[in-house]
Amino acid sequence: MSKDNNIVFAYWVPNVSGGLVVSQIEQRTDWSYDYNVRLAQTAEKAGFDYALTQIRFTAGYNAENQHESVSFSHGILAKTERLKVIAAILPGPWKPALAAKQLATIDHLSNGRIAINVVSGWFRGEFDAIGEEWPEHDERYARSEEFIRSLKGVWTQDNFSFDGKYYQFKDYTLSPKPVQKPHIEIFQGGSSRAARDMASRVSDWYFTNGNTPEELKKQIDDIREKAKANNHQVKIGVNAFVIARDTEEEAQAVLQEIIDKAHVEAVNAFGDATREAGAASVEGEGNWAKSTFEDLVQYNDGFRTNLIGTPQQIAERIVELKKVGVDLILSGFLHFIEEVEYFGEKVLPLVRELEAEQQLQLQAKSA
Ligand SMILES: Cc1cc2nc3c(=O)[nH]c(=O)nc-3n(C[C@H](O)[C@H](O)[C@H](O)COP(=O)(O)O)c2cc1C
């Protein structure tokens with residue numbers, strides 16, 4: 001286990017208003033550009049490798065204002081030096097030719113630090129509002145897979161041709177190509193069977209909602225087995241809402257307050273909208289298919305991952321997640337800037353210590 005095997009850390013960019021929990025608890029998190037620049041600079045100093053922006057066209061879960069993901073990602077890249085920023089893109093509103101070109105340019109402007117999260121859509125009201133078609137659940141993934149194959153083709157080949165159901169290219173050459181080789185990193189979000197199968201064929205990274213190590217292991221084993229059969233490699237990122245405090249009691253009290261002050265109407269409306277996601281897939285699994293009211297207060301089931309407690313408890317749980325195959329923790333916080341700083345000071349060094357201990361144990365075993 002080398003340093004290259006260290007688990008990596010990402011955070012959710014709060015580019016939509018309301019923070020990362022649908023609650024009326026006080027949140028010193030802000031969706032403005034200024035706040036986000038300070039946050040990104042703090043995060044890269046604290047040891048975070050990635051930041052993930054969100055794409056929303058209309059207000060879901062009380063998120064009244066939403067900055068657009070690609071332009072916002074570029075704004076953050078312009079003010080940072082090391083952080084990679086992952087821009088969320090929805091096939092439908094975006095076409096692959098435009099996305100490929102736009103991202104290739106940002107890759108040049110940022111010295112190879114843009115990445116993309118292809119999200120397949122769960123919020124029908126949003127698609128209806130902007131006049132976009134709403135294909136069935138698994139069909140949305142069929143479209144996303146074509147989208148990703150198109151991006152890869154355009155980014156890596158000259159005279160690229162593609163004849164898909166949703167997208168066609170004829171002898172197209174993009175110039176300049178992106179800086180990153182073989183191409184800009186491709187993440188995807190979603191946990192249904194269609195999402196997993198797509199990850200096992202085309203994506204570099206699979207992002208999933210928060211969950212327990214046991215449940216995550218089932219997903220990861222499934223994906224890795226299929227990916228192996230496809231001769232494809234995919235890494236795994238899991239969402240977690242982190243509440244790190246000096247004592248466990250303090251951390252649990254914060255969680256309780258978030259839930260007690262949940263915005264009940266908004267959480268229920270969000271719950272209704274998610275029925276078009278995982279639960280609408282053929283097998284009825286996937287994101288939010290089994291989420292309770294409490295889970296939905298953090299809109300990607302981030303409490304379930306249980307990174308809530310003291311720095312030591314959290315570091316130990318992160319290493320447990322790594323053991324079941326997680327490569328990246330996608331974190332959300334209540335008061336982003338101060339908590340990202342605390343995480344970098346108190347939690348991250350413990351994770352690195354535990355990883356180094358693990359490495360020594362493995363070396364001793366193999367000696
Ligand atoms: C980490 C993560 C980030 C996501 N970001 C967005 C986003 O910014 N915008 C969006 O519309 N959907 C987003 N999604 C939703 C997914 O793309 C997908 O529609 C949803 O998870 C349902 O997928 P499933 O039915 O395959 O489980 C995200 C999902 C995950 C796990």
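**Exercise 1. Find which oxygen contacts the protein makes with the ligand, and how much of the ligand ends up covered.**

Step 1: Start at S191, where a backbone N or O atom lies 2.9 Å from an oxygen atom of the ligand. That passes as a polar contact, meaning a pair of N or O atoms within 3.5 Å; within protein, one must also be able to donate a hydrogen and the other to accept it, and residues adjacent in sequence count only if both atoms are side-chain atoms.

Step 2: Add the area. On its own the ligand exposes 630 Å², and the protein buries 98% of that (Shrake-Rupley accessible areas with a 1.4 Å probe; for residues, only the protein chains shown count as cover).

Step 3: Check two further residues. H137 brings a polar side-chain atom to 2.7 Å from a ligand oxygen atom, while G121 has a backbone N or O atom 3.5 Å from a ligand oxygen atom.

Before going on, a word on the source: this is a predicted model, where local features need pLDDT of at least 70, side-chain atom pairs count only at pLDDT 80 or more, and totals for chains, interfaces and linings use all residues. Residues are numbered from 1 along each chain as its sequence is written, and side-chain values use heavy atoms, with hydrogens and water left out.

**Exercise 2. Describe the shell around the ligand and the space the ligand takes.**

Step 1: Count the shell. There are 27 residues around the ligand, with H137, Y141, S192, G278 and N287 the closest (near means that a heavy atom of the residue lies within 4 Å).

Step 2: Sort by class: 11 are nonpolar, 15 polar and 1 charged. Here Ala, Val, Leu, Ile, Met, Phe, Trp, Tyr, Cys and Pro count as nonpolar, Asp, Glu, Lys and Arg as charged, and the others, Gly among them, as polar.

Step 3: Place the ligand. The space it takes is the largest cavity (a molecule sits in a cavity or pocket if more than half of its atoms lie within 2 Å of its grid points). Two or more shell residues come from each of β4 (114–119), α5 (137–156) and β8 (205–208). These are DSSP runs numbered from the N terminus: helices are H or I with at least four residues, strands E with at least two.

**Exercise 3. Compare the linings of the largest cavity and the second largest pocket.**

Step 1: Fix the terms. On a 1 Å grid over the protein atoms alone, a cavity is a set of points where a 1.4 Å probe fits but cannot get out; a pocket is an open set with protein on both sides within 12 Å along at least five of seven lines, and lining residues have an atom within 4 Å of a point.

Step 2: Take the cavity. Its lining has 36 residues, with V119, W122, G189, W288 and N300 nearest the centre. Helix α5 gives the largest share, 3 residues. By class, the cavity lining has 17 nonpolar, 16 polar and 3 charged residues.

Step 3: Take the pocket. N211, E215, Q219, G286 and K290 lie nearest its centre, among 19 lining residues. Helix α7 (213–229) gives the most, with 4 residues. The pocket lining splits into 2 nonpolar, 9 polar and 8 charged.

**Exercise 4. Pick out the unusual backbone geometry.**

Step 1: Recall the background: most residues other than glycine have a negative phi, and most peptide bonds are trans.

Step 2: List the cis bonds. S175 to P176 is cis with omega near 0 degrees, and K181 to P182 is cis with omega near 5 degrees. P176 is in the loop between β6 (168–172) and β7 (186–189), and P182 is found in the loop between β6 and β7.

Step 3: Look at phi. W288 has a positive value of about 70 degrees although it is not a glycine, and W288 lies in the loop between α9 (264–273) and α10 (293–297).
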